[in-house]
Amino acid sequence: MKKKILITLAVILLLAAGAFFFVVPGQLEKRLNVALNQPPYLASERATELHKKLLVTDLHADSLLWDRDLLQRATRGHVDVPRLIDGNVALQSFTVVTKTPYVWKMNIESNDDKTDNITILAVAERWPSSTWSSLAQRALYQAGKLRDTASRSQGKLTLITTSVELSSYLDRRINDPHITAGFLGIEGAQALDGNLDNIDRLFDAGFRMMAPTHFFDNDIGGSAHGVEKGGLTEKGKEMIRRMEAKKMIVDLAHASAKTIDDVLAIATRPVVVSHTGVRGTCDNQRNLTDDQLKGIAKTGGVIGIGYWDTAVCGKDASAIAKAIRYAANLVGADHIALGSDFDGAVTTPFDTSGLVQITDALIIEGFTDDEIGKIMGRNALRVLIQNLP
């Protein structure tokens with residue numbers, strides 16, 4: 001009898017372990033990364049024809065966080081290579097997440113660094129044990145996932161690390177539009193594990209964009225959603241100098257007002273905001289003020305407008321277009337870009353194959369075809385071509 005009980009318990013434990021490692025991650029992603037509408041995504045004939053001619057660029061997606069092969073078309077989440085090609089996305093920024101507060105505690109007002117969702121996810125998704133305690137290792141592991149995906153893609157996905165590589169890829173894409181490319185970014189300099197020398201290590205792994213902070217304050221600076229919401233520390237100022245020396249792009253998404261001011265005061269190169277909203281159409285702690293928009297544009301950088309409700313106070317492409325219109329009226333269409341936050345635990349109107357609906361909404365907002373081309377990708381590409389190493 002005792003033996004039967006032990007066998008039963010062992011079976012239960014094995015089944016529970018199997019569910020934790022092979023079922024829970026997928027179900028969690030399905031719950032967190034929602035597209036309100038499924039393909040096919042309809043748009044006007046004019047938008048459909050115009051969209052085919054665009055060099056669509058998205059400055060933010062967290063797809064490397066999840067347990068999916070991005071070469072395969074998925075039935076969950078927002079981004080994979082087949083859907084990028086369907087959406088005519090020429091370039092996708094793959095941003096890595098290394099630590100966030102527990103999902104049931106995380107908010108846009110005030111978070112500390114005491115809890116960590118990503119440790120649990122890393123274990124559940126069977127990441128190497130080195131990633132369980134090192135945030136730098138988490139970033140390096142996700143970078144390796146993208147390199148592996150590109151190497152297996154038979155030319156469908158190109159990893160971009162230099163201006164020359166980007167220009168060469170765009171030339172190749174003229175004759176073969178059914179390909180896409182990606183580059184690596186980091187959400188929050190906690191990924192440095194407290195050591196600025198890790199900038200070199202992450203650069204060598206392919207990272208070309210990094211934000212000082214994510215959802216909590218760190219030793220680099222304050223987060224818009226942190227407790228203190230302070231500015232850049234002396235260590236943070238040194239980080240910006242080192243990033244600029246290596247031609248890495250500074251991303252001010254999630255930065256506190258003081259951190260934004262401090263970065264703008266010392267930046268000598270264009271800065272970006274990879275994913276955000278604007279307070280002019282959606283007034284909350286997550287989004288940028290008019291003065292912040294002007295300051296970022298003044299550096300020659302771009303502002304990536306997001307697709308989720310907290311960013312645009314709406315659940316369709318028209319809300320995204322209204323935020324873009326507000327920002328463009330304020331700082332000019334040359335400084336606006338796309339920053340979806342796809343696969344970032346957000347609900348969006350569509351997955352990446354449905355971006356033609358933004359093109360359609362921009363037409364309705366009265367943008368010219370040339371302005372739409374800039375906003376949908378050429379502005380971001382300009383900044384990258386001019387500023388990547």
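Asn218 sits in the loop that runs between strand E6 (207–210) and helix H9 (234–245). The model is predicted. Its single chain of interest here contains 15 helices and eleven strands, and 57% of the 389 residues of the chain count as buried.

**Asn218 and its surroundings**

- The relative accessible area of Asn218 is 16%, so Asn218 is buried, the cut-off being under 20%.
- A polar contact links the side chain of Asn218 to the side chain of Gln190, at 3.4 Å.
- A polar atom of the Asn218 side chain also lies 2.8 Å from the backbone nitrogen of Ile220.
- Leaving aside residues up to four places away in sequence, Asn218 touches Ala189, Gln190, Pro212 and Thr213.
- Gln190 thus appears both as a residue touched by Asn218 and as a side-chain polar partner of Asn218.

**Overall dimensions and packing**

- The radius of gyration of the chain is 21 Å, which agrees with the value near 21 Å for a compact globule because the chain has 389 residues.
- Along the principal axes, the C-alpha trace of the chain spans about 80 × 50 × 40 Å.
- Among contacts in the chain with a separation of 6 or more, 71% are accounted for by residues 24 or more positions apart.

**Surface and charge**

- The chain has an accessible surface of about 15700 Å², and carbon and sulfur atoms hold 55% of this surface.
- The chain carries 44 positive and 46 negative charges, and the mean positions of these two sets are 5 Å apart.

Methods:
Residues numbered from 1 in each chain as written. Predicted model: local features only at pLDDT ≥ 70, side-chain atom pairs only at ≥ 80, totals over all residues. Heavy atoms only, no water. Helix = DSSP H or I, 4+ residues; strand = E, 2+ residues; numbered from the N terminus. Rg over C-alpha atoms; globule rule 2.2 N^0.38 Å. Buried < 20%, exposed > 50% of the residue type's maximum accessible area, 1.4 Å probe, protein only. Contact = heavy atoms within 4.5 Å. Areas by Shrake-Rupley, 256 points an atom, 1.4 Å probe, with all protein chains shown as cover. Lys, Arg positive; Asp, Glu negative; His and termini not counted. Charge placed at Lys NZ, Arg CZ, Asp CG, Glu CD. Polar contact = N/O pair within 3.5 Å; in protein donor to acceptor, adjacent residues only side chain to side chain.
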